[in-house]
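Here are my notes on the model you sent, set out as numbered points. Please read them with the sequence and the structure open beside you.

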Amino acid sequence: MLSSSAVNALPAKSLRVRTLTAGVNLRDASDLAPVEAAVAVLKRGKQAFVDAGYEVQTLRIATNPFLAGLDTRGRMQALAALQALDRMAAQHNLVMSVGPALTGNTADNEFVEWAAEFIRSTRTLSFSAVIAGSDGVHAKTAAVAARTMMAIAAALPDGIGNFRFAAAANIPAGTPFFPVAWHQGVESLAVGLESASVVEEALSGATDATTGTGQLRQHLNKALAPVERIAMQLASAERRTYLGIDSSPAPGKDRSIAAAIEALTRKPFGSNSTLEACAAITAALKSLDVKTCGYSGLMLPVLEDPLLAQRAGEKRFGIRELLLYSSVCGTGLDVVPIPGDSTESAIAGLLRDVAALSTKLTKPLSARLFIVPGKHAGDMARFDDPVLTDSVVMGLEG
């Protein structure tokens, strides 16, 4: 049971729990007992947060990378079990990440066709390919990941399949955000938040970047403390290791991280001083009193933030600027719409840039690129999805 002090916490009205993520170990995709146990934990956890006044958007499970050691035949044989696992997850209204399916620097061309079929035949499962690790940039895997993104773009309408696949660079175990989440060690629990409005509120009265960092740290410490109390008591009651909160302030359609940045700069996102604002926010996110995990950096997901999408349409920033901002902030290139006729060479080059930046700075970055079939740079991409916003397609070159 959770204590009354946790249950009676008063959350900030603008703070949502984007995800409760449980980490589990599976022998293979047919090993359902740990998943069933995690489902029960997550449902009890959701109720605890709801009782405390929080909206909980998603329940998620991240597994150990049990697919990574399989060869082509093994992956194909695992598809049926993965599809059954997917049906189970859908039945319980949760999503799962089965972790990185490629971890070494390998030119595994057979992976591409398998990945497209995996996405085509499932609805809730996410996975990734590792393009940088402690051994540096995985250039061969970056090329495979580029081809995989192209194949997945053709697997489902509007390229939506790439919502569930990303190229991952130095992503630690325990990251609660998808599609790069993966698990290692004892069973665990982590939290991801949708807190862009808290950031905007904190920065609205700041006179400079230094003041903004201090105000944001103060606001987030106050907002996140009750979340941590509930999560820690839940983990203790369920005998799971508490990994922490990924403090990355995820935006939503009704709360914008671009608006938060503009509250500090008082200029449109992409203008001079945007980089400074990104650094100021990240400084606060990296120095909180609560236990943090995962990226714990600034997210700039173009297709999930209407104001970011608007500023992209105004040509105030492009992919190169997003990569620049990643040097001082968070997740890399997230849900970025790119042309349907993008070449493998151009995509692979961009992935290597992300990998090189991650390696040089020793920080977790990822690339989740939305290749939009039939669309060119400057065209409007429209999505029939409640999470995604319409956006101009961003060119890879120039």
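1. The structure holds 0 disulfides, a disulfide being a pair of cysteine sulfur atoms within 2.5 Å. Two cysteines may still be worth a look: C278 counts as buried at 0% relative accessibility, and C293 is buried too, with a relative accessible area of 10%. Buried here means under 20% relative accessible area, exposed means over 50%, and partly exposed lies in between, with a 1.4 Å probe and protein chains only.

2. A word on the basis of these points: this is a predicted model, in which local features need pLDDT of at least 70 and side-chain atom pairs count only at pLDDT 80 or more, while totals for chains, interfaces and linings use all residues. Residues are numbered from 1 along each chain as its sequence is written, and side-chain values use heavy atoms, with hydrogens and water left out.

3. C278 is one of the buried residues of helix 9, which also include T274, A277, A280, I281, T282, A284 and L285. Helices (H or I, at least four residues) and strands (E, at least two) are DSSP runs, numbered from the N terminus. Helix 9 covers residues 274–285, and its 12 residues reach 17 Å from the first C-alpha to the last, close to the 16 Å expected at 1.5 Å a residue; the expected span is 1.5 Å times one less than the number of residues. Among the elements that cover its buried residues are helix 6 (196–203), helix 7, helix 8 and helix 11 (319–326).

4. The last residue of helix 9 also meets S247, which sits in the loop between strand 8 (241–246) and helix 8 (257–265). A polar atom of the S247 side chain lies 3.3 Å from the backbone oxygen of L285. S247 is buried, with a relative accessible area of 3%, and, leaving aside neighbours within four places in sequence, it is in contact (heavy atoms within 4.5 Å) with S195, L285, L288, T292 and S296.

5. Helix 3 deserves a separate check. For its 20 residues (72–91), a span of 28 Å is expected at 1.5 Å a residue, and the end C-alpha atoms are 29 Å apart, which agrees. There is nevertheless a kink of about 40 degrees centred on L79, where the bend is the angle between axes fitted to the seven residues ending at a residue and the seven starting there. L79 is among the buried residues of this helix, as are G74, R75, L82 and D86, and the cover over the buried residues includes helix 2 (33–51), strand 3 (95–102), helix 4 (110–120) and strand 4 (125–133). After helix 3 comes N93, whose phi is positive, near 55 degrees.

6. The largest nonpolar core has 119 residues, and those with the most contacts inside it are L82, W114, F127, L300, L333, L351 and L369. Helix 7 (residues 209–237) gives the most to this core, with 10 residues. Apart from it lies another core, of 9 residues, among them A168, V180, A250 and M299. A nonpolar core is a set of buried Ala, Val, Leu, Ile, Met, Phe, Trp, Tyr and Cys residues joined through side-chain atoms within 4.5 Å.

7. Finally, R311 in helix 10 (residues 306–313) is buried, with a relative accessible area of 12%. Not counting residues up to four places away in sequence, R311 touches E262, P268, F269, R316 and F317.

Definitions and conventions. A polar contact is a pair of N or O atoms within 3.5 Å; within protein, one must be able to donate a hydrogen and the other to accept it, and residues adjacent in sequence count only if both atoms are side-chain atoms.
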